[in-house]
Amino acid sequence: MLELLKIKREVERLSNILGKAEDCLDLQYLTARIQYLHQVIAQPDFWNNPTRAYEVLQEIEYSIFYKHQEYQRWCSILEDIKAALELLELSADEQLWQEVQSNLTQLQQELETAEIRQLLSDPHDKKGAFLTITAEIDAIDAEDWASMLLRLYHIWVVSHNYLVYLVEESYGDEAGIKSVTLEIIGHYAYGLLKSELGTHRVIRVSPFSTNSKRHTCLASVEVSPILDESVDFEIPEKDLEITFYRHRGNVNRTETWVKMVHIPTGISVFCNEERSQMQNKEKALAILKSKLFAMPTAGYAYALAQNVQLDEIQPRQIKSLSNKLIREYILHPYTKVKDLRTNVETPAATEVLEGKIDLFIKAYLQQLNHTTSVGKEALDNFK
C-alpha cells in the first residue's frame, strides 16, 4: 500500500508537468499551424523553392508534429497508469503492477529528456553531432581510458534511440584507442552532447600496472554539429592540406584513408571508415566544416565581432575548449564523478560509465541558459 501511495504521488507530479507542457505547447495553435503548413505543401509550386520547402518540412517534423505527437502519447500513457492504479486498489495483480512500474519508468525518462530539451534554444541544437575522443598521450592507460569513454557514449547514444556510425578509429599499440570519431544521427544530438566538450580525467588503479598505484589519465572530447544544406560555406583550396593513402608494395591492400588539415587554424581531420577515398574525402570535409562552424562556442564569436577573418587566425591563437578539464572520474579508493563546471557530482561512477550522464547534461544546459553574453571565458580563449 505504501508503494502504491508513492506511485500515486509521482503520477500527480507527472500530471502537473504535462499540464505545464500543455500551456507551453499551445496545442490549439499547433493543430492550426500543422493544417496550414499541409496546405502550403499541397501547392503545385511548393518545390520550386527548395530552401523554403526544406524549412517548412523541418518546422513540421521538429517544431510541431514531434511536440504534438509526443504530448498526446504521454497523456495516453499517463491515463493508462491512472486506470491501472484504480484496478490495483480493488485487487492485487502482479502482472498489472509490473506494467504500471514499466510505464511509469518510461514516462519519467521521456519527460526528463523533454525537460532537458526545453533548455536547448540554439537553432543548431536540433542537429546531429560529430563526436571525437582522443587519448591525451600515447600510453596504454590513456588509450584504455579513451576506449572506456567510447563505450560510455555509445551506450548513451543507443539508449536515446540515436543512430551512430563510425567515421574513424585509430587503435592503441597495446590496448584501447588513440582516437575515434562518431557520427550521431538524431534530433537534438548536438544540443545534448555539446555539454561533453572538454577534457575528461580518470583517477584509478591501472589494470596494466603491477604496483597497484593510482594513475591519472586524460582524454579529450570534441563535439560539433552535423551541418545540413541550410548551412553551407566554401573553404578555399589554398587553406587545405589533403593527404591520401598511397599504395606502397602491396597493391591489393585496400587502404582508403584521407587526412585533411585546415592550414589557418591547424584543425586536422582523419577519415578511414568509408569504402572509397572519395567518400572519405567528402566525410573529412564535412567534419572539418562542422568543426570550423562550431568554433564560435570556443570563443570564435568574439573574433567575429572584432571582424577578424578566419584565414588571419593562427593556431597559437586558438585555445580549443576540448583542452579544458570539465569532469573528473574517481574510481579508487572511492568512487565519485564530479563535473567541474557545475559542481554536480555522484558516487555512482559505475552507472555514469554505463552511459548515465543526463544529470550532468541537464545541469550544464541550465547553467548555460543563464549566460546571456559571450562573457569573460570566451575572451580568455583568444588571449
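Q: What makes strand S9 count as mostly covered?
A: The label comes from a head count: 5 of the 6 residues of S9 are buried. This is a predicted model, and a residue has to fall under 20% relative accessible area to be called buried. For scale, 42% of the 383 residues of the protein chain get that label.

Q: Which strands does S9 sit between in its sheet, and what is the order?
A: The order is S2-S3-S1-S5-S4-S9-S10-S11, which puts S9 between S4 and S10. The sheet has 8 strands and is open. Its edges are S2 (163–171) and S11 (345–346), each of which pairs on one side only. Helix H5 (residues 140–159) packs on this sheet, touching S1, S2, S3, S4, S5 and S9, at about 45° to the direction of S5.

Q: What makes the pairing in that sheet mixed?
A: Look at both sides of S9. Strand S4 (residues 198–205) runs parallel to S9 (residues 325–330), with 5 bridges between them, while S10 (residues 336–339) pairs with S9 in the antiparallel sense over 4 bridges. Two bridges are enough for strands to count as paired, so both pairings qualify. With one parallel and one antiparallel pairing, the sheet is rightly called mixed. To pick out single partners, His200 goes with Arg327 in S9, and Ile330 goes with Lys336 in S10. S9 and S10 also form a hairpin, with 5 residues between them.

Q: How do you know that Glu196 and Arg327 form a salt bridge?
A: Their closest N and O atoms are 2.7 Å apart. The cut-off is 4 Å between a Lys or Arg side-chain nitrogen and an Asp or Glu carboxyl oxygen, so the pair passes. Glu196 is in the loop between helix H6 (189–193) and S4 while Arg327 is in strand S9, so the bridge ties together parts 131 residues apart in sequence. Both residues are buried. Shared partners extend this into one network of Glu196, Arg327, Asp339 and Arg341.

Q: Why is Arg201 called partly exposed, and is Glu328 buried or exposed?
A: Partly exposed covers the range between 20% and 50% relative accessible area. Arg201 comes in at 23%, so it gets that label. Glu328 has 14%, which is under the 20% limit, so it counts as buried. The two side chains meet in a salt bridge at 2.6 Å, N to O. Arg201 is in strand S4 and Glu328 in strand S9, 127 residues apart, and the pair links these distant parts of the chain.

Q: How far apart in helix H1 are Arg13 and Glu10, and what does that come to in helical turns?
A: They are 3 residues apart in H1 (residues 2–25), which means a separation of about one helical turn. Their side chains form a salt bridge at 2.6 Å, N to O, one of 17 by this rule. Arg13 is partly exposed at 43%, whereas Glu10 is buried at 15%.

Q: Is Ile357 buried or exposed, and how do you know?
A: Buried: its relative accessibility is 0%, and the cut-off is 20%. Ile357 lies in the loop between helix H9 (349–353) and helix H10 (358–369). Leaving aside neighbours within four places in sequence, its contacts are Leu152, Tyr153, Trp156, Glu196 and Val352. Tyr153 is 204 residues away in sequence, yet the C-alpha atoms are 9.0 Å apart.

Q: What about Glu143: buried or exposed?
A: Glu143 has 2% relative accessibility, so it too falls under 20% and counts as buried. It is found in helix H5. Beyond its sequence neighbours within four places, its contacts include Ala135, Asp138, Asp173 and Lys178.

Q: What makes the S6-S7-S8 sheet open, and what is its pairing?
A: It has edges: S6 (240–244) and S8 (267–271) each pair on one side only. The pairing is antiparallel. Neighbouring strands here are turned by 15° against each other on average, direction ignored. S6 and S7 (residues 258–262) share 5 bridges, and Glu241 stands opposite Val261 in S7. Helix H7 (residues 277–293) lies across S6, S7 and S8, at about 150° to S8.

Technical notes
Residues are numbered from 1 along each chain as its sequence is written. This is a predicted model: local features need pLDDT of at least 70, side-chain atom pairs count only at pLDDT 80 or more; totals for chains, interfaces and linings use all residues. Side-chain values use heavy atoms; hydrogens and water are left out. Helices (H or I, at least four residues) and strands (E, at least two) are DSSP runs, numbered from the N terminus. Contact means heavy atoms within 4.5 Å. Axes are lines fitted to C-alpha atoms, for helices over the stretch in contact, and angles run from 0 to 180 degrees between N-to-C directions. Buried means under 20% relative accessible area, exposed over 50%, partly exposed in between (1.4 Å probe, protein chains only).
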